[in-house]
Amino acid sequence: MMYGSTHSKIDLAIEYQAQVPALRPSIRARRANITVKFQDLYGFTVEGNVDDVNVLNEVREKVREQGRVWWSLEASKGVNWYLQTQLNSTLKSSLKFSVLVNAITLKRLIRKGIPPSLRPKVWFSLSGAAKKKSTVPESYYNDLTGAVEDKVTPATKQIDQDLPRTFPGHPWLDTPEGHSALRRVLVGYSFRDSDVGYCQGLNYVAALLLLVMKTEEDAFWMLAVLLEDVLVNDCYTYNLSGCHVEQRVFKDLLTKKCPRIAAHLEAMEFDVSLVSTEWFLCLFSKSLPSETTLRVWDVLFYEGGKVLFNVALAIFKMNEEELLMTHHVGDVINIIHRTTRHLFDPDELLTVAFDKIGFMTTTTISKERKKQESAVLAELDQRLRRLNSVNEDDK
């Protein structure tokens with residue numbers, strides 16, 4: 001799975017076609033509609049029925065079509081045409097039409113999905129990871145991982161415990177080689193940013209980045225740009241204050257965008273963070289099929305963290321009628337888990353996320369966050385004081 005060589009466009013096209021096989025359930029499975037197991041594009045074993053297999057085959061045909069569109073644009077506009085899409089103040093003032101067209105085209109294309117073979121270089125360029133990497137010496141990653149290899153910290157201890165729990169059974173990740181690569185990325189970052197160190201959930205994110213980016217170093221820089229630029233601050237710090245803020249923002253957005261669901265769940269005293277906390281910490285990597293997760297990440301790395309709210313809201317919206325019929329907390333959790341596990345069609349999810357939920361600007365999300373930040377920090381401070389008081393009484 002891991003390689004770092006440069007491919008020609010022809011090599012990439014051949015590799016890309018080979019990555020998208022048609023799934024063929026056995027005759028027995030087709031007749032009986034029983035549960036079947038199969039591997040997805042990234043090596044994960046997936047369980048589903050024949051309907052799921054048919055959906056995946058349709059999705060993969062769409063991926064092929066998208067690949068042809070991307071290759072055609074590379075042929076007509078140039079290999080790195082998508083880099084000429086940043087509408088800075090100079091370009092806005094000059095009203096350069098070709099740049100505007102490229103920007104609109106790229107946004108639409110990304111929402112329809114980046115072909116697997118192009119995903120590493122498109123992510124690396126558009127997310128800002130390439131720019132971030134260019135600010136340090138070329139040997140930065142190797143020097144960092146070499147310098148901290150034998151050091152022991154609370155973060156490294158937790159990482160070592162989590163390695164075998166990270167996608168167990170995966171043919172590459174769950175091997176000594178896979179564990180070592182994942183460890184180097186996570187330990188390296190824990191020393192790069194001591195405020196974050198390591199937080200459970202990052203192991204799943206880094207593991208999926210490794211599978212997509214192919215090299216440890218590129219996965220490391222994607223993790224860095226994700227935590228430092230794409231996501232809100234303090235999501236993964238020791239008190240998870242940023243994550244607490246995001247959960248409150250999500251609850252408010254659910255009330256505004258899906259009022260019937262929000263009112264019903266509130267009447268049941270169901271806390272949406274029971275399911276959504278993992279979504280935001282793992283960026284859906286533990287909840288959605290990997291190919292659907294990566295379609296979400298395509299948009300995340302281009303449009304920013306607001307995308308997570310759209311997707312989370314969409315999952316609830318897709319189940320609105322069924323959720324309104326529930327009477328028990330366990331039923332809500334079962335419906336959500338069943339839905340996410342079988343969301344093999346990314347277009348179904350993203351259509352709801354962007355067309356039915358409605359457009360949310362970064363400014364809108366920022367305002368919501370500011371409303372919640374002071375309340376969360378006050379609450380965390382109160383908890384800390386209570387804890388210190390208990391510790392003083394025990395002395």
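**A tour of two helices, a pocket and a cavity**

In this predicted model, begin by selecting helices H11 and H12, whose axes cross at roughly 130°, an angle that is neither near enough to parallel or antiparallel nor to perpendicular to count as such, and the two helices are therefore oblique to each other. Helix H12 spans residues 216-230, and its axis comes within 8 Å of the axis of H11. The crossing of this pair is right-handed. To see where they touch, show the side chains of Leu202, Val205, Ala206, Leu209, Leu210 and Met213 on H11, together with Glu216, Asp218, Ala219, Met222, Leu223, Leu226 and Leu227 on H12, which make the contact. If you colour these residues by class, you will find 11 nonpolar and 2 charged residues, with no polar ones.

Keep H11 (202-213) selected and add strand E2 (45-48), helix H15 (273-282), helix H16 (290-303) and helix H19 (329-341), since each of these elements supplies at least two residues of the lining of the largest pocket. This pocket has a volume of about 750 Å³, and of the 34 residues that line it, the closest to its centre are Thr45, Lys286, Ser287, Leu288 and Arg341. Its lining has 13 nonpolar, 14 polar and 7 charged residues.

Which residues should you select to find the largest cavity? Select Leu231, Val232, Cys235, Tyr236, Glu246, Phe280, Leu283, Gly305, Leu308 and Arg369, which line this cavity, and you will surround a space with a volume of about 50 Å³. By class, the lining residues divide into 7 nonpolar, 1 polar and 2 charged. A search of the whole structure finds 1 cavity of 30 Å³ or more.

How values were computed
Residues are numbered from 1 along each chain as its sequence is written. This is a predicted model: local features need pLDDT of at least 70, side-chain atom pairs count only at pLDDT 80 or more; totals for chains, interfaces and linings use all residues. Side-chain values use heavy atoms; hydrogens and water are left out. On a 1 Å grid over the protein atoms alone, a cavity is a set of points where a 1.4 Å probe fits but cannot get out, and a pocket is an open set with protein on both sides within 12 Å along at least five of seven lines; lining residues have an atom within 4 Å of a point. Grid points are joined across faces, edges and corners, and a volume is the space filled by probe spheres set on the points. Helices (H or I, at least four residues) and strands (E, at least two) are DSSP runs, numbered from the N terminus. Ala, Val, Leu, Ile, Met, Phe, Trp, Tyr, Cys and Pro count as nonpolar, Asp, Glu, Lys and Arg as charged, and the others, Gly among them, as polar. Axes are lines fitted to C-alpha atoms, for helices over the stretch in contact, and angles run from 0 to 180 degrees between N-to-C directions. Angles under 35 degrees count as roughly parallel, over 145 as roughly antiparallel, 65 to 115 as roughly perpendicular and the rest as oblique. A crossing is left-handed if the near helix is turned anticlockwise from the far one by less than a right angle, and right-handed if clockwise. Contact means heavy atoms within 4.5 Å.
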